[in-house]
Amino acid sequence: AEKSLPALQRLKERGWTRAIGFSCYPLSVARKFSNGPNSNLIDFALLYGHNNLIDSTLLPLAEELKEKDISVIDASPLALGLLTDNGPPEWHAAPDEVKKLCSKLSAELTGKGLSLQTAAVRHAFRKTPGSSLLVGMSSAKEVEANVALVKSVFDKSADDSIPIEEMLAQQLGAYCGINLS
């Protein structure tokens, strides 16, 4: 960071790039990088998997970054696939018990005409501490569904009488030993 950030700043000054940023999964690495030498040159941080129905650990760091004028791109509200209706990829590091719980909740919601994935994205849009929320999608159908979902989050006339994502956050958070309130 001591040499790379000033080099990137020179490229920015020449107009070859508009912003300087970094991405990482461990929040401890993000905190160290944003407190390191030349951290005043950082414009944004893309941080993923730490602001969703089972993990809210991004929130304190996002406040720290905001104080330093570093924008946060909050990514992976689906917890790297864990909170999707199809379940996580095989490589996912979550304990089997958590994977089973998410699968069980997804099946229960599907039986009620609801979706774990939709609840997770809705929760993220409401709770994101970032200036942007990045959601991975793999089909045009998912893009259309997420656009409709975003519109519904901001639609004041939408029926939100069942705060399903809050209930799920409490269930999943309690199981994982995380306070999500």
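Which residues have the most contacts inside the largest nonpolar core? The points below start there and then move outward. The model is predicted.

1. **The core.** The largest nonpolar core has 19 residues. Leu82, Leu83, Cys102, Leu116 and Val121 have the most contacts inside it. Three helices, H4 (96–111), H5 (116–127) and H6, each supply at least two residues of this core. H5 gives the most, with five residues. As background, nonpolar side chains in soluble globular proteins tend to be buried together.

2. **Strand S3.** S3 covers residues 71–75. Four of its five residues are buried, so the strand is largely enclosed by the rest of the structure. Look here next, since two other strands pair with S3.

3. **S3 with S2.** Strand S2 takes in residues 44–48. S2 and S3 pair in the parallel sense, over five bridges. To find the register, start at Ala45, which stands opposite Val72 in S3. The chain gets from S2 to S3 by way of helix H3 (residues 58–67). This β-α-β crossover is right-handed.

4. **S3 with S4.** Strand S4 spans residues 132–134. S3 and S4 also run parallel, joined by three bridges. Here Ile73 stands opposite Ser132 in S4.

5. **Ser56.** Is Ser56 buried or exposed? Ser56 has a relative accessible area of 14%. The cut-off for buried is under 20%, so Ser56 counts as buried. Ser56 sits in the loop between S2 and H3. In sequence, Ser56 and Thr128 are 72 residues apart. In space, their C-alpha atoms are 9.6 Å apart.

6. **Salt bridges: Asp43 and Lys12.** The count of salt bridges comes to three. In one of them, the side chains of Asp43 and Lys12 meet at 2.8 Å, N to O. This pair links distant parts of the chain, 31 residues apart. Asp43 belongs to the loop between helix H2 (27–34) and S2, while Lys12 belongs to helix H1 (residues 4–13). Asp43 is partly exposed, at 24% relative accessible area. Lys12 is partly exposed too, at 25%.

7. **Salt bridges: Arg31 and Glu64.** Arg31 forms a salt bridge with Glu64, and their closest N and O atoms are 3.1 Å apart. This pair also links distant parts of the chain: Arg31 is in helix H2 and Glu64 in helix H3, 33 residues apart. Arg31 has 29% relative accessibility and counts as partly exposed. Glu64 is partly exposed at 28%.

8. **Salt bridges: Glu108 and Lys104.** Where do Glu108 and Lys104 lie, and how many residues apart? They are both in helix H4, four residues apart, so about one helical turn separates them. The closest N and O atoms of this salt bridge are 3.8 Å apart. Glu108 counts as partly exposed at 38% relative accessibility. Lys104 is partly exposed, with a relative accessible area of 49%.

9. **A surface patch.** Met137, Val143 and Val147 make a nonpolar surface patch of about 220 Å². Val147 lies in helix H6 (residues 140–154). Val147 is partly exposed, with a relative accessible area of 42%. H6 is also among the helices that each supply at least two residues of the core in point 1.

Conventions:
Residues are numbered from 1 along each chain as its sequence is written. This is a predicted model: local features need pLDDT of at least 70, side-chain atom pairs count only at pLDDT 80 or more; totals for chains, interfaces and linings use all residues. Side-chain values use heavy atoms; hydrogens and water are left out. Buried means under 20% relative accessible area, exposed over 50%, partly exposed in between (1.4 Å probe, protein chains only). Two strands pair if DSSP finds at least two bridges between them. A crossover is right-handed if, with the strands pointing away from the viewer, the path from the first strand over the helix to the second runs clockwise. Patches are made of residues with over 30% relative accessible area and no salt bridge: like charges are joined within 9 Å, nonpolar side chains (Val, Leu, Ile, Met, Phe, Trp, Tyr) within 5 Å. Accessible areas come from the Shrake-Rupley method with a 1.4 Å probe; for residues, only the protein chains shown count as cover. A salt bridge is a side-chain nitrogen of Lys or Arg within 4 Å of a carboxyl oxygen of Asp or Glu. A nonpolar core is a set of buried Ala, Val, Leu, Ile, Met, Phe, Trp, Tyr and Cys residues joined through side-chain atoms within 4.5 Å.
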